[in-house]
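I opened the notebook to look up pockets and helix packing. My entries follow in the order I made them.

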Amino acid sequence: MNGTTTSEWARWRHRADLRAMPYALVSPFFLLFAVFGLFPLIYTGWMSLTGWNTRREGSEGTFVGLDNYRALLSDDYFWNALRNTFAIGLLSAVPQLLLALWIAHLLNDRLRGRLFFRMGVLLPYVTSVASVTLIFNELFARDFGLVNWMLGLVGVGPVDWHYGQVASWSAVSMIVIWRWTGYNALIYLAAMQSVPFELYEAAAIDGAGRFRQFWHVTIPGIRPTIIFTVVISTIGSLQLFGEPYLFDVSRNANGGPGREFQTAVLYLYQQFWFNGRYGYASAIAWALFLVIAVVVGVNLLLSRRIRGET
């Protein structure tokens, strides 16, 4: 009798372990997300409804409702930062993904020393963003930069890359392209290697050349990966901070003398750290969160529609 009870208890414990084990294995992620993701999100949302300003004592408990968001709608600096963010994101994400796709296609071919080249394209990503940006600061210097020197060889006068709006957008975009192209190229390469080789053979038998094989076999085969990189690049572009902050030689988070390349996150940082407007900075953070959610939603909607049409 006692042996039967012990056996039933062991079977029940075994079944309980099988049911609880998956939840136990994934629980660390949800615990960390709750502490470092969900709680800051909720706390920032509450903070955005207050007039917390370090320059006014006792303001941390002042409830102002949606006043910060109303002020945000009429803040020209915020809209300028948002425009800069979209412009730099567009100038960096589109060439970056196209170049990564081309590099991945080359690396997917049977080249000698493929491992060396695959490791080489990842070097810009593993390099510190501070180091990369400081080097590009020297390259884009107005009076002694290498870029202006090369432009001078073809008769183009020196460009002030830190002052002109389009020029500064282009310079910051070049830093982003340099750093992230290799990373996306390896993601594309991994996806390309999962495309069945039989499809290429069938396309070659039908008379398709290299370009047609790439367009009609490779692209459809890695479409989910392309959608993934587009979404991730969009989010990363809207969260751009390190490159424009370090590219600004004044280090005051203005993004240039006339805020030419101040991004939304850089403006948030300025309001929070330099001006001590915790409540207003939290409203900027939530507004940016909503913008990212809308843009990513539109990306996914367009991607599904394109997938349905092909």
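**Entry 1: the largest pocket.** I asked which helix gives the largest share of the lining of the largest pocket. H3 does, with 11 residues. I keep in mind that this is a predicted model.

I then listed the elements that supply at least two residues each to that lining. They are helix H3 (76-107), helix H9 (210-221), helix H10 (223-238) and helix H13 (278-309). The lining has 32 residues, and Ala93, Val94, Leu97, Ile226 and Val230 lie nearest the centre of the pocket. I noted a volume of about 820 Å³. By class, the lining divides into 20 nonpolar, 9 polar and 3 charged residues.

**Entry 2: the second largest pocket.** I looked up its volume next, which is about 400 Å³. I counted 13 lining residues, with Asn108, Asp109, Phe197, Tyr200 and Gln213 closest to the centre. Helix H8 (197-205) and H9 are the elements that give two or more residues to this lining. H9 gives the most, with 4 residues. The classes here are 5 nonpolar, 5 polar and 3 charged. I marked H9 as a helix to revisit, since its name appears in the lining of the largest pocket and in that of the second largest.

**Entry 3: H4 against H7.** How do helix H4 (residues 114-126) and helix H7 (residues 165-192) cross? Their axes come within 6 Å, at roughly 140 degrees. That angle makes H4 oblique to H7, because only angles over 145 degrees count as roughly antiparallel. The crossing of H4 past H7 is left-handed.

I wrote down the contact residues. H4 brings Arg118, Val121, Leu122, Pro124 and Tyr125. H7 brings Trp178, Arg179, Trp180, Gly182, Tyr183, Leu186 and Leu189. By class, I have 9 nonpolar, 1 polar and 2 charged residues in this contact.

**Entry 4: H7 against H10.** I stayed on H7 and turned to H10. The two axes come within 10 Å and cross at roughly 160 degrees. H7 and H10 are therefore roughly antiparallel to each other. I logged the crossing of H7 past H10 as right-handed.

Which residues meet here? From H7 I have Asn184, Ile187, Tyr188 and Ala191. From H10 I have Thr225, Ile226, Phe228, Thr229 and Ser233. The contact of H7 with H10 holds 5 nonpolar and 4 polar residues, and no charged ones. I underlined Ile226: it meets H7 in this contact, and Ile226 is also among the residues nearest the centre of the largest pocket.

Notes:
Residues numbered from 1 in each chain as written. Predicted model: local features only at pLDDT ≥ 70, side-chain atom pairs only at ≥ 80, totals over all residues. Heavy atoms only, no water. Axes fitted to C-alpha atoms, helices over the stretch in contact; angles between N-to-C directions. Parallel < 35°, antiparallel > 145°, perpendicular 65-115°, else oblique. Left-handed = near helix turned anticlockwise from the far one by under 90°. Contact = heavy atoms within 4.5 Å. Nonpolar A, V, L, I, M, F, W, Y, C, P; charged D, E, K, R; others polar. 1 Å grid on protein atoms, 1.4 Å probe; cavity = no way out; pocket = protein on both sides within 12 Å on 5 of 7 lines; lining within 4 Å. Points joined across faces, edges and corners; volume = space filled by probe spheres on them.
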